[in-house]
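I set out to look up how the inside of this protein is put together, going from the nonpolar core to the rings, the sulfur link and the strands. My notes from that reading are below.

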Amino acid sequence: MLSSTLFQLLCLVSAAITQSPQYVLSNHPHAQNIPTIHQSAVQARRILNLSSIATLSTVFPEDQSTTLLENRPLNLGGHAIGLIDYYASCDPTPHEPTILAVSIATSFKNARAGSNVTLSLRYHPPSDHPPGDDIYSYSPANLPRFSLLGYIEPVSASEIKRYQMDRCFFDRHPDAVTWKPGNAIHHSWWARLVVQQVYWIGGFGDRAYIGWIPIEEWRGVNQEEVRNARLRGEHGYEKA
């Protein structure tokens, strides 16, 4: 009886070792059957569409002229800060997130002072997702996440009206109507993140692509591909 139990335990341990990721933050040099760069770009664009909240990172300017006015600590210049913000994937450039920028917010002060911007996202599986194959299926370390590197540019009122970008944004964030441009609380303006670089971690490196996605691939993904794509945990997802 004891030997039988011990044998079962050894089998379980062996299975766990076999299923453990062999490469976590880099690709296995001989990895096979991992998504291509284009497939990874489609997955990233899918996440961009599914989500609407991300971490917006900027860098404090070296100019300390506003330090006393805002009661900022000294010597913040060059330090990065990441803050949660709203965004929406809207026409005419769904690959470049639409943002409602509040002028008083630190992120947009830094952007207007010349800081580049990084928007970081991660995939959140649906709450009703099917059971995983193992403990790694829905591990945050094995789920896709990526960063969009670029800069903020204003969007004209005519473009907002023509493509109904405000309606698109407020469909995702109804509460944001309170601080739309022209509100009585804070000055705000419509902006987009002009994406220049994309860095992707699709999961563990022995089963997902990890690395830079060329900007041409990012921009080249069409909306039909995004609509048809399915990520782990979504209904209709098929494991490769």
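The entries that follow take one topic at a time.

**Entry 1: the core.** I kept in mind throughout that this is a predicted model. I began with the largest nonpolar core, which has 34 residues, and looked for the members that touch the most other members: these are Leu-119, Leu-121, Phe-146, Leu-148, Ile-152, Leu-193 and Trp-218. I then asked which elements supply at least two residues of this core, and found helix 2 (37–50), strand 1 (53–59), strand 3 (98–102), helix 4 (106–112), strand 4 (117–122), strand 5 (145–154), strand 6 (188–201) and helix 7 (215–220). Strand 6 gives the most, with six residues. I also noted a second, separate core of ten residues, and Cys-90, Leu-100, Phe-169 and Ala-176 are among them.

**Entry 2: strand 6.** Since strand 6 gives the most to the largest core, I looked up how enclosed this strand is. Eleven of its 14 residues are buried, so strand 6 is largely enclosed by the rest of the structure. I then went through its pairings. Strand 5 and strand 6 run antiparallel and are joined by ten bridges, and here Ile-152 stands opposite Leu-193 of strand 6; both of these residues were already on my list of the members that touch the most others in the largest core. Strand 3 pairs with strand 6 in the antiparallel sense over five bridges, with Ala-101 opposite Trp-189 of strand 6. Strand 7 (210–213) is also antiparallel to strand 6, joined to it by four bridges, and Gly-211 of strand 7 stands opposite Trp-200.

**Entry 3: Trp-218.** What is Trp-218 in contact with, once its neighbours within four places in sequence are left aside? I found Ala-41, Ala-44, Arg-45, Leu-48, His-95, Phe-146, Leu-148, Val-195, Val-198 and Ile-213. Arg-45 lies over the face of Trp-218, at 5.7 Å from the ring centre. Ring pairs also link Trp-218 into a cluster with Phe-146 and Trp-200. For Trp-189, I noted that Arg-112 lies over the face of the ring, at 5.0 Å from the ring centre.

**Entry 4: an aromatic pair.** My search of the whole structure gave nine aromatic pairs. I looked more carefully at Tyr-136 and Phe-204, which form an edge-to-face pair with 5.9 Å centre to centre and 75° between the planes. This pair links distant parts of the chain, 68 residues apart, with Tyr-136 in the loop between strand 4 and strand 5 and Phe-204 in the loop between strand 6 and strand 7. Are the two residues buried or exposed? Tyr-136 counts as buried because its relative accessibility is 18%, under the 20% limit, and Phe-204 counts as buried at 4%.

**Entry 5: the disulfide.** The structure holds one disulfide, which joins Cys-90 to Cys-168 with an S to S distance of 2.0 Å. The link is left-handed, with -90° about the S-S bond. Cys-90 is in the loop between strand 2 (80–86) and strand 3, whereas Cys-168 is in helix 6 (residues 165–172), so I recorded the pair as one that links distant parts of the chain, 78 residues apart. Cys-90 counts as buried, at 1% relative accessibility, whereas Cys-168, at 23%, counts as partly exposed. Cys-90 is also one of the residues of the second core.

Terms used:
Residues are numbered from 1 along each chain as its sequence is written. This is a predicted model: local features need pLDDT of at least 70, side-chain atom pairs count only at pLDDT 80 or more; totals for chains, interfaces and linings use all residues. Side-chain values use heavy atoms; hydrogens and water are left out. A nonpolar core is a set of buried Ala, Val, Leu, Ile, Met, Phe, Trp, Tyr and Cys residues joined through side-chain atoms within 4.5 Å. Buried means under 20% relative accessible area, exposed over 50%, partly exposed in between (1.4 Å probe, protein chains only). Contact means heavy atoms within 4.5 Å. Rings of Phe, Tyr and Trp (its six-membered ring) pair if their centres lie within 6.5 Å; planes under 30 degrees apart count as stacked, over 60 as edge-to-face and the rest as tilted. A charge sits over a ring if NZ of Lys or CZ of Arg is within 6 Å of the ring centre and within 35 degrees of the ring normal. A disulfide is a pair of cysteine sulfur atoms within 2.5 Å. Two strands pair if DSSP finds at least two bridges between them.
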